[in-house]
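Here is a short briefing for a first look at this structure. Keep the view open while you read.

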Amino acid sequence: MRIVKKTHSCVRLEKDGRTLVVDPGGFSEQDAAAGADVLLVTHEHPDHFDEGRLRAALEANPEAELWTLRSVAERMSPAFVGRVHTVGDGDSFEAAGFSVEVHGQLHAVIHPDIPRITNVGYLVDGSVFHPGDALTVPGRPVDTLMLPVHAPWNKISEVIDYVREVAPRRAVDIHDALLTDLARPVYDRQIGALGGADHGRLAPGESLDVVAPA
């Protein structure tokens, strides 16, 4: 399976000629969801959920389907009956050759005065975990953790401890559009030294091949 990094929190997973896209939001490229067979959205914030990108992908491929939480599904389902599915923590499904498990319930705390919304993460093929905007621990081994490295709701000590708790073989940065190039070496050095896992990042458009567990 190949991971293709798009801007911010959007990633494309490609396997056997099929494509799964997670969180093609407003910070990602206009064509981030193009050609998707499977679309996954973790939550409704606009840097993760862009209605126009999703609609374009679903209209371009009549076989494409979307799995997401209720708040997003309710906005998308009227136009795509039978192709938009609501999921929550503990669900699992098969789609276009991909096996997906759903983990997590709530967005991380931004500030106590801001109500928390639902957020779900996705473990694909028992290998790649995308947590959305939360530090969800899936409770099972993870090969590749897509790591939300910089956000209004986290700090680097939490990111390091999250890598330690999940204990993946590797962690690859996402949620990084607000992180300046000046700061990246600091994050790379500290997460790499203290996280206990191989840590790296991909520029938008770069890819990484991973192997699903046997």
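Start with a cluster of charges: K5, D176, D181 and R184 are linked in a network of salt bridges. The model is predicted. Two open sheets, each of seven strands, carry the rest of this tour. Across the whole structure, a search finds 14 salt bridges.

**The charged network**

- Within the network, K5 and D176 meet through their side chains in a salt bridge, at 3.3 Å from N to O.
- This pair links distant parts of the chain. K5 sits in strand β1 (residues 2-5), while D176 lies in the loop between β12 and α4. The two are 171 residues apart.
- Are K5 and D176 buried or exposed? Both are buried.

**Two further salt bridges**

- K15 forms a salt bridge with D125, and the closest N and O atoms are 2.7 Å apart.
- K15 and D125 also join distant parts of the chain, 110 residues apart. K15 belongs to strand β2 (residues 11-15), and D125 to the loop between β9 (121-124) and β10.
- D125 has a relative accessible area of 13%, so it counts as buried, the limit being under 20%.
- R140 pairs with E101 in another salt bridge, with the closest N and O atoms 2.4 Å apart.
- R140 lies in the loop between β10 and β11, and E101 in strand β8 (residues 98-103). They are 39 residues apart and link distant parts of the chain.
- Why is R140 called partly exposed? Its relative accessible area is 35%, and partly exposed covers values between the 20% limit for buried and the 50% limit for exposed.

**The sheet from β6 to β14**

- Follow the strands of this open sheet in the order β6-β5-β4-β3-β2-β1-β14. The pairing is mixed.
- The edges are β6 (84-86) and β14 (207-209). Each has a single partner strand, so one side of each is left without a neighbour in the sheet.
- On average, neighbouring strands here are turned by 20° against each other, direction ignored.
- Strands β3 (residues 18-22) and β4 (residues 38-41) run parallel and are joined by three bridges.
- Which residue of β4 does V22 stand opposite? V22 faces L40.
- Helix α1 (residues 51-60) lies across β4 and β5 (65-68). The helix runs at about 160° to β4.

**The sheet from β7 to β13**

- This open sheet has the strand order β7-β8-β9-β10-β11-β12-β13, again with mixed pairing.
- Which strands stand at the edges? They are β7 (92-95) and β13 (198-200). Each has a single partner strand, so one side of each lacks a neighbour in the sheet.
- Neighbouring strands of this sheet are turned by 25° against each other on average, direction ignored.
- β10 (residues 128-130) and β11 (residues 144-148) pair in the parallel sense over two bridges.
- F129 has L145 in β11 as its bridge partner.
- Helix α3 (residues 156-166) packs on the sheet and touches β10, β11 and β12 (170-174). Its direction makes about 160° with that of β11.
- Helix α4 (residues 184-194) lies across β11, β12 and β13. This helix runs at about 170° to β13.

How values were computed
Residues are numbered from 1 along each chain as its sequence is written. This is a predicted model: local features need pLDDT of at least 70, side-chain atom pairs count only at pLDDT 80 or more; totals for chains, interfaces and linings use all residues. Side-chain values use heavy atoms; hydrogens and water are left out. Two strands pair if DSSP finds at least two bridges between them. Helices (H or I, at least four residues) and strands (E, at least two) are DSSP runs, numbered from the N terminus. Axes are lines fitted to C-alpha atoms, for helices over the stretch in contact, and angles run from 0 to 180 degrees between N-to-C directions. Contact means heavy atoms within 4.5 Å. A salt bridge is a side-chain nitrogen of Lys or Arg within 4 Å of a carboxyl oxygen of Asp or Glu. Buried means under 20% relative accessible area, exposed over 50%, partly exposed in between (1.4 Å probe, protein chains only).
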